[in-house]
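Trainee: I have a chain to study and want to learn how to read it. Can we go through it step by step?

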Amino acid sequence: CKLEESLTEAAWRIHAMSAQQPLADLLDGRASGAAFDAAALDLAEYPLPLSHERNLESIVNTLKLHAAQGGGLAVIDQLSMIQAGEGSVYELATYKSNRIREAALASDVPILVVAQLNRAGKNKGKADPVSAGDLAGSGSIEDDAAGVILIQGAELTGIDRSCYTMSVHTGKSRYGRGATADAPIKLWWYPECCRVDAASYL
């Protein structure tokens with residue numbers, strides 16, 4: 001479920017990522033070549049259903065339909081954009097988190113939910129790794145989630161001016177130890193073509 005942008009923009013971003021070409025080139029009609037054509041064929045073979053539902057119960061119904069059609073991983077981007085009535089930030093985050101967990105268990109489909117950091121987490125620097133407690137509504141998310149993956153930093157790699165490095169570590173895992181803040185996974189982020197790769201990819 002893409003809640004922060006239109007479905008058209010989401011589709012263009014996915015195409016840019018697959019073709020490894022700048023999103024601006026696609027939107028301006030300048031993209032071409034073998035990679036562009038191959039990306040179109042790849043995306044046609046691997047359908048990615050998209051939804052822009054914002055109401056919580058509508059999202060739950062969409063997840064049920066997704067599961068009934070044999071769908072796999074579902075991604076909700078993002079938690080704060082879901083509409084779920086009135087209440088404090090914590091109360092709403094708790095209700096949304098609980099409801100999404102119930103939907104995941106009922107449908108037997110894994111759900112990845114994107115969540116923002118709270119104000120304290122956003123103000124942390126490179127030397128102070130974020131934790132699960134820095135997520136907005138962190139108490140409910142920590143209780144309901146099987147795992148929490150934290151992404152921090154966006155620094156130029158030195159490879160070129162379009163590539164940034166990000167650090168990824170585990171804030172919580174019910175399935176064993178993950179990457180720690182002291183030994184995070186390094187990723188390369190190419191914002192122009194909406195792509196993320198392992199730092200060893202090249």
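Mentor: Start with a definition. Two strands pair if DSSP finds at least two bridges between them. Keep in mind that this is a predicted model.

Trainee: Which order do the strands of the open sheet have?

Mentor: The open sheet holds 4 strands. Their pairing is antiparallel. The order is E3-E4-E5-E6.

Trainee: Which strands are the edge strands?

Mentor: An edge strand pairs on one side only. That fits residues 147-156 and residues 195-198. The edge strands are E3 and E6.

Trainee: By how much are neighbouring strands of this sheet turned against each other on average?

Mentor: Direction is ignored here. The average turn between neighbouring strands is 30°.

Trainee: How many bridges join E3 to E4?

Mentor: E4 covers residues 164-173 and runs antiparallel to E3. One bridge sets Gln152 against Ser167 of E4. The number of bridges joining E3 to E4 is 8.

Trainee: Which residue in E5 is the bridge partner of Met166?

Mentor: E4 and E5 pair in the antiparallel sense. They do so over 5 bridges. The partner of Met166 in E5 is Leu187.

Trainee: And in E6, which residue is the bridge partner of Tyr190?

Mentor: E5 spans residues 185-190. Its antiparallel pairing with E6 rests on 4 bridges. The partner of Tyr190 in E6 is Arg195.

Trainee: How many aromatic pairs are there?

Mentor: Ring centres must lie within 6.5 Å to pair. By this rule the count is 1.

Trainee: Why is the pair of Tyr164 and Trp189 called tilted?

Mentor: The ring centres are 5.7 Å apart. Planes under 30 degrees apart count as stacked, and planes over 60 count as edge-to-face. The planes of Tyr164 and Trp189 stand at 50°, so this pair is tilted.

Trainee: How many residues apart are Tyr164 and Trp189 in the chain?

Mentor: Tyr164 sits in strand E4, and Trp189 sits in strand E5. The pair links distant parts of the chain. The two are 25 residues apart.

Trainee: Is Tyr164 buried, exposed or partly exposed?

Mentor: Buried means under 20% relative accessible area, and exposed means over 50%. Trp189, at 29%, is partly exposed. Tyr164 has 24%, so Tyr164 is also partly exposed.

Trainee: Now the helices. What span should H1 have?

Mentor: H1 runs over residues 7-19, which is 13 residues. The rule is 1.5 Å times one less than the number of residues. The end C-alpha atoms agree with the expected span, which is 18 Å.

Trainee: Which residues of H1 are buried?

Mentor: An α-helix has 3.6 residues a turn, so residues three or four places apart point the same way. Keep that in mind as you find these in the model. The buried ones are Ala10, His15, Ala16 and Ala19.

Trainee: Which residue follows H1?

Mentor: Look for a positive phi, near 55°. The residue is Gln20.

Trainee: How far apart are the end C-alpha atoms of H5?

Mentor: H5 has 19 residues, 89-107. Its buried residues include Leu92, Ile100 and Ala104. The expected span agrees with the distance between the end C-alpha atoms, 27 Å.

Trainee: Which residue comes just after H5?

Mentor: Its phi is positive, about 60°. The residue is Asp108.

Trainee: Last one. How many helices and strands does the chain have?

Mentor: The elements run α-α-α-α-β-α-β-α-α-β-β-β-β from the N terminus on. Count each kind along that run. The chain has 7 helices and 6 strands.

Note on methods:
Residues are numbered from 1 along each chain as its sequence is written. This is a predicted model: local features need pLDDT of at least 70, side-chain atom pairs count only at pLDDT 80 or more; totals for chains, interfaces and linings use all residues. Side-chain values use heavy atoms; hydrogens and water are left out. Buried means under 20% relative accessible area, exposed over 50%, partly exposed in between (1.4 Å probe, protein chains only). Axes are lines fitted to C-alpha atoms, for helices over the stretch in contact, and angles run from 0 to 180 degrees between N-to-C directions. Rings of Phe, Tyr and Trp (its six-membered ring) pair if their centres lie within 6.5 Å; planes under 30 degrees apart count as stacked, over 60 as edge-to-face and the rest as tilted.
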